[in-house]
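Biologist: I am new to reading protein models and would love a close look at a single part. Could you choose a place where helices meet, walk me through it, and then show me what lies around it?

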Amino acid sequence: MKKFTLLVLFVILVTSCKINVNKNNQQDNFFTNHVNPFIGTGGHGHTYPGATVPFGMLQVSPDNGISSWDWCSGYHYSDSIVAGFSHLHLSGTGIGDLADILFMPTNKKLDLTTKTTSRDQLPYKSKYSHVNEKATPGSYQVFLEDPKINVELTSSQRTAFHKYTFAKNDKQSVVIDLGFAINWDKALKTSITVEDQFTISGYRYSMGWAKNQKVFFVAKFSKPITESVLLANKQIVIGKTAEGENTAAQLFFDANNTQELFVKVALSSVSVANAKGNLDGEGSNFEKTKTKAANIWNAALNKIEVETPVDSLKTIFYTAMFHTQVAPVAYSDKNGQFRREDDQIVTAKDYTAYSTLSLWDTFRAENPLLTLLAPKQTSDIVNSMLAYYDTKKILPVWTLYANETNTMTGYHSIPVIVDAYQKGIKGFDAEKAYQAMKATMMQDERGLNFYKKYGYIPYNLLDESVTITLEYAYDDWCVAQMAKALGKTEDYQFFLNRSKAYQYLFDPKTGFMRGKSEDGKSWNEPFDPKHSNHREHTDYTEGNAWQHSWFVPHNVDNFIALHGSNEVFTKRLEQLFTESSEITGSNVSADISGLIGQYAHGNEPSHHIAYMFNHANQPWRTQYWVRHILDTQYNTTPNGLSGNEDCGQMSAWYVFSSMGLYPMNPASGEYEIGSPIFEKAKINLEGGKSFVIEAENVSDKNFYIQSATLNGVPFNTTVITHQQILQGGILHFVMGAEPNKNWATKH
């Protein structure tokens, strides 16, 4: 018997070891464990911690109720008051809007008739502590200290799920406030209807950054509504419907049978009927949806597997991967319908329409990354931009809820389309796309009339003339590449010639791009390359001459020649990183952040610059500065981003650069080689292939490339193509502590 008992104990021990081993393997493969959604919610990151799925229509997240720059997403880590949980949010933008359809559970009857001018007067607000708050990809939880209610949130593609756990014997109630607004947003017309004992519906029309935003919603509760108080413009109304500029409701539920209350919410830009069509069916519930959301995120994060003994690097990397896939957001309904800015309802056939296209930011690395991670979404994004072209006859600049905001400079839908086409992404009409690009660059809006007349934009005719000229020159180069690919030789020559516009603005004496007057000779004086004046009476957008004089990604070799030699160019480029970080002026742009010398990593115009040493025969300088940026501009705290996340761009820079690659010219189909930070990064490609980047001997000291092989063959160049990556294989680097000045250089 004793022997038998020992045998049983031995079997149990072995089995439990096996279970633990399997569990640990599962932990390693569960990439969501490495994501911290609070990274970027502090400082100027402007991210939100709430629940969404990759490119999901809904982002259900807490709102602090403050209107201020660092609350652009509705939430900032420095806060400790929550006003409620709304269903639409922006990730890392520099302008605030959305926060539509606010829900807030409470445990007492409230007076909602009092006019409020700040969140301090909101009767339903509550304190919370980060100790009792948790966020993972696809779910969020917080304990509300004042009503003592635990709130959990999760989401599918088009339905948000709330779970409220009330204290025993407490009143169970939910406030819906459609007048709630933050930052630029203002409710114009809203409505709430109690449809039956489980269902409410309504709409919210608002004006903000998106001038014409119409959101329809439906919400289904797990318990019958026992009492409802409806308000229109702070007045209680009798009946089942409230309509007005600001409407609100307080709903009450039977507390007897369970402390938990579940809510399902779906939205639509089209109608309440479409919101009902978007609502997940009876078979869906909170726990199933939460598990499914985690699995969907795991599959999305699994596209790149990295190996490193440094846990913090994994956290930064997979959080960055997470942030690159929360925007853009699905905009069309399950039936394909969506509302255009002009209020026409159209149908997306064979694609999902997307909005929140932060193109000035994302064309640089976020959209190129999506060609690897999400080629189907990339095709859909192009089709979404072409649907916009159908309305406006020009391509979009920055769309929010299908509204053109005209925010920022250039027409950077163009490089996104060309990048997709050059990389073989199908599913859109290339000829139509070309005509849209050509029509956009040949029209007269946003300074193109001056650009066409003078070959550049004179500073005395339009603010931000230098930045706009440089960006139009790049857009022209992109149109030229598409013309060439489609056999349009005359157009190719025309746009290629126009893409040299940067030459007009280069001042060989100072080495800077400068504002030039319409006479074609005189510069804008006096000149101070460190001077910044935010968005007015300036030649540069959100920056200064130091940050904006390097935007010639399409012809770096000619740009270097303008400086006179590789030596002069690299000396000036090195000075960018080593110059004092003083910014002069009385109205300095807050977007200038993450400074290393005058290099500003916290804003997008700097993002390609460190890779330019490669073209000047000093790739070891690229390796040095890229590693320095990786080490100093990202961390695992809420303040872990050095500037606005900008819908994935700040994170996409990290994803690419940490692997040792970067799309310096994002529409070229090529990646510059930088300095890999991981022992191994494996990109899992479509069709079962993989591309592996290995960095032998890599460490915090060993960041210089000593030698490299691609599939066993010596690799001695600073560029690899997208097509080479798609073929699969192994790019192997040997790293060391001293630069190898012979690797990938011409002597």
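Modeller: Happily! Let us begin with helix H4, residues 311-323, which packs against H18 at an angle of about 130°, the two axes being 8 Å apart. Please keep in mind that this is a predicted model. How should we describe the way H4 and H18 lie to each other? The cut-offs help here: an angle over 145 degrees would count as roughly antiparallel, and 65 to 115 as roughly perpendicular. The angle of about 130° falls in neither group, so H4 and H18 are oblique to each other. Their crossing is left-handed.

Now look at the side of H4 that takes part. Leu313, Ile316, Phe317, Ala320, Met321 and His323 make the contact from H4, and from H18 come Ser651, Tyr654, Val655, Ser658 and Met659.

Helix H18 has another partner to visit. Helix H17 (residues 619-632) packs with H18 (residues 649-659), again at an angle of about 130°, and here the axes are 10 Å apart. H17 and H18 are therefore oblique to each other, and they make a left-handed crossing. On the H17 side you can find Val626, Ile629 and Leu630, which meet Trp653, Tyr654, Ser657 and Ser658 of H18. Try picking out Tyr654 and Ser658 on your screen: both appear in the contact with H4, and both appear in the contact with H17.

Let us go back to H4 and follow the chain onward. The loop between H4 and strand E20 (329-330) holds Pro328. What is the form of the peptide bond from Ala327 to Pro328? It is cis, with omega near 0°. A cis bond also leads from Glu525 to Pro526, with omega near -10°. Pro526 sits in the loop between strand E27 (512-513) and strand E28 (531-533).

While we are looking at the backbone, visit Asp350, in the loop between strands E22 (345-347) and E23 (354-355). Asp350 is not a glycine, yet its phi is positive, at about 65°. Is Asp350 buried or exposed? Its relative accessibility is 79%, so Asp350 counts as exposed. Ala744 also has a positive phi, near 60°, and is likewise a residue other than glycine. You will find Ala744 in the segment after strand E39 (729-736). Its relative accessible area is 12%, so Ala744 is buried.

Next, turn to the strands. An open sheet is formed by three strands in the order E32-E33-E38, with antiparallel pairing. E32 (661-662) and E38 (719-721) are at the edges and each has a single partner strand, so one side of each has no neighbour in the sheet. Strand E33, residues 670-673, runs antiparallel to E38 and is joined to it by three bridges. To see this pairing for yourself, find Tyr671, which stands opposite Ile720 in E38.

Finally, a word on cysteines. How many disulfides does the structure hold? The count is zero. Take Cys72 as an example: the closest cysteine sulfur belongs to Cys647 and is 11 Å away, which is too far for a bond. A disulfide would need the two sulfur atoms to be within 2.5 Å. Cys72 is buried, with a relative accessible area of 2%, and Cys647 is buried too, also at 2%.

Conventions:
Residues numbered from 1 in each chain as written. Predicted model: local features only at pLDDT ≥ 70, side-chain atom pairs only at ≥ 80, totals over all residues. Heavy atoms only, no water. Buried < 20%, exposed > 50% of the residue type's maximum accessible area, 1.4 Å probe, protein only. Pairing = 2+ DSSP bridges. Helix = DSSP H or I, 4+ residues; strand = E, 2+ residues; numbered from the N terminus. Axes fitted to C-alpha atoms, helices over the stretch in contact; angles between N-to-C directions. Parallel < 35°, antiparallel > 145°, perpendicular 65-115°, else oblique. Left-handed = near helix turned anticlockwise from the far one by under 90°. Contact = heavy atoms within 4.5 Å.
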